[in-house]
Amino acid sequence: MLNLMYITNNPEIALVAQSCGVDRIFVDMEYIGKYERQGGMDTVQNHHTVTDVKNVRRVLDKSQLLVRVNPIHPDSETEIDSVIDAGADIIMLPMWRTADDVSAFLNFVNGRAKTMLLLENKDAVNHLDSVLELEGIDEIHIGLNDLHLSLKRKFLFELLADDTVEQITKKLVRAGVKFGFGGFGRIKEGLLPAEYIVAEHYRLGSSVAILSRSFCNSSEVKDMNTLKDIFKNGVEELRAYEKYLESCDSSFFAETHKKLCSCVEKIIGEI
């Protein structure tokens with residue numbers, strides 16, 4: 001089943017998510033260049049800190065702690081050292097563009113934590129072959145939001161319908177690198193139904209996904225019991241659907257992909 005990630009710097013929310021079966025708590029320290037890329041869009045822009053990493057680390061005993069650092073910059077080595085010292089299990093590098101960026105990141109981590117590359121721009125797609133020749137990459141996550149902006153698409157899930165994601169994942173499968181892409185909300189909800197997206201994860205061989213803000217918007221839910229119910233019910237519904245997908249054959253996934261493409265086309269037509 002998919003490894004589920006949820007973004008928060010709140011230890012209390014992290015505990016709730018962990019208790020409901022979320023596999024990875026995601027602390028997001030990236031801020032360099034993010035506003036310029038996404039300014040004006042309805043996207044989550046965090047600016048978590050090393051102190052947040054330490055505070056979340058203290059409460060986790062089952063879920064892994066994933067930390068997204070900033071793109072490679074003059075103080076990257078110091079930042080990565082501090083995140084490792086704070087207890088990160090997995091470190092994610094965003095906005096890399098070349099094999100040199102990735103090589104620097106891998107050298108800074110130096111085997112002290114698992115590494116995840118966030119592939120989210122056209123240059124990264126063009127340099128993927130040379131990047132996959134490097135040793136030390138544990139996972140790659142395809143960031144649909146920034147990637148669709150870089151490729152000048154109208155809708156982030158257009159990348160699932162136009163085979164962009166499929167062509168990337170074929171390379172990752174051949175290289176033996178675990179991968180995931182994007183995020184999704186609750187089953188049977190969303191402009192593009194979440195079950196279509198989850199089915200794409202299974203069709204393409206993905207192993208990781210982000211639970212999006214629409215899955216549980218913790219900034220709007222202040223009561224922890226209510227929050228726990230949202231997480232518990234949402235994860236249970238997702239796992240039940242995944243169990244169903246495990247019994248489906250290739251014709252089911254092909255038909256669901258067609259439904260996704262049709263839905264995406266309709267959404268684009270309305271943008």
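The following conversation goes through some terms used for this predicted model and the values behind them.

Biologist: What makes Thr169 count as buried?

Modeller: The relative accessibility of Thr169 is 2%, and a residue is called buried under 20%, so Thr169 counts as buried. Thr169 lies in helix α10, which covers residues 164-175, and, leaving aside residues up to four places away in sequence, Thr169 touches Ile142, Phe179 and Leu204.

Biologist: Where does Ile142 stand with respect to β7?

Modeller: Ile142 stands opposite Phe181 in β7. Strand β6, residues 139-142, is joined to β7 by 4 bridges, and these two strands run parallel.

Biologist: How do you know that β7 pairs with β8 as well?

Modeller: Two strands pair if there are at least two bridges between them, and 3 bridges join β7, residues 178-184, to β8, residues 208-211, with the two strands running parallel. In β8, Ile210 is the bridge partner of Gly183, while Leu211 is the residue that Phe184 stands opposite.

Biologist: Why is β7 described as largely enclosed by the rest of the structure?

Modeller: Of the 7 residues of β7, 6 are buried, and therefore the strand is described as largely enclosed by the rest of the structure.

Biologist: What do the strands close into, and in which order?

Modeller: There are 8 strands that close into a barrel, in the order β1-β2-β3-β4-β5-β6-β7-β8, and the pairing is parallel. On average, neighbouring strands of this sheet are turned by 25° against each other, with direction ignored.

Biologist: Let us turn to the helices. Why are α11 and α13 called oblique to each other?

Modeller: Two packed helices are described by the angle between their axes and by the distance between the axes. For α11, residues 194-204, and α13, residues 250-270, the axes come within 9 Å and cross at roughly 135°. An angle from 65 to 115 degrees would count as roughly perpendicular and one over 145 as roughly antiparallel, but roughly 135° belongs to neither range, and the two helices are therefore oblique to each other. The crossing of α11 and α13 is left-handed.

Biologist: Which residues of α11 and α13 meet?

Modeller: On the α11 side they are Tyr196, Ile197, Ala199, Glu200, Tyr202 and Arg203, and on the α13 side they are Phe253, Thr256, His257, Lys259, Leu260 and Cys263. The residues of this contact divide into 7 nonpolar, 2 polar and 3 charged.

Definitions and conventions
Residues numbered from 1 in each chain as written. Predicted model: local features only at pLDDT ≥ 70, side-chain atom pairs only at ≥ 80, totals over all residues. Heavy atoms only, no water. Axes fitted to C-alpha atoms, helices over the stretch in contact; angles between N-to-C directions. Parallel < 35°, antiparallel > 145°, perpendicular 65-115°, else oblique. Left-handed = near helix turned anticlockwise from the far one by under 90°. Contact = heavy atoms within 4.5 Å. Nonpolar A, V, L, I, M, F, W, Y, C, P; charged D, E, K, R; others polar. Buried < 20%, exposed > 50% of the residue type's maximum accessible area, 1.4 Å probe, protein only.
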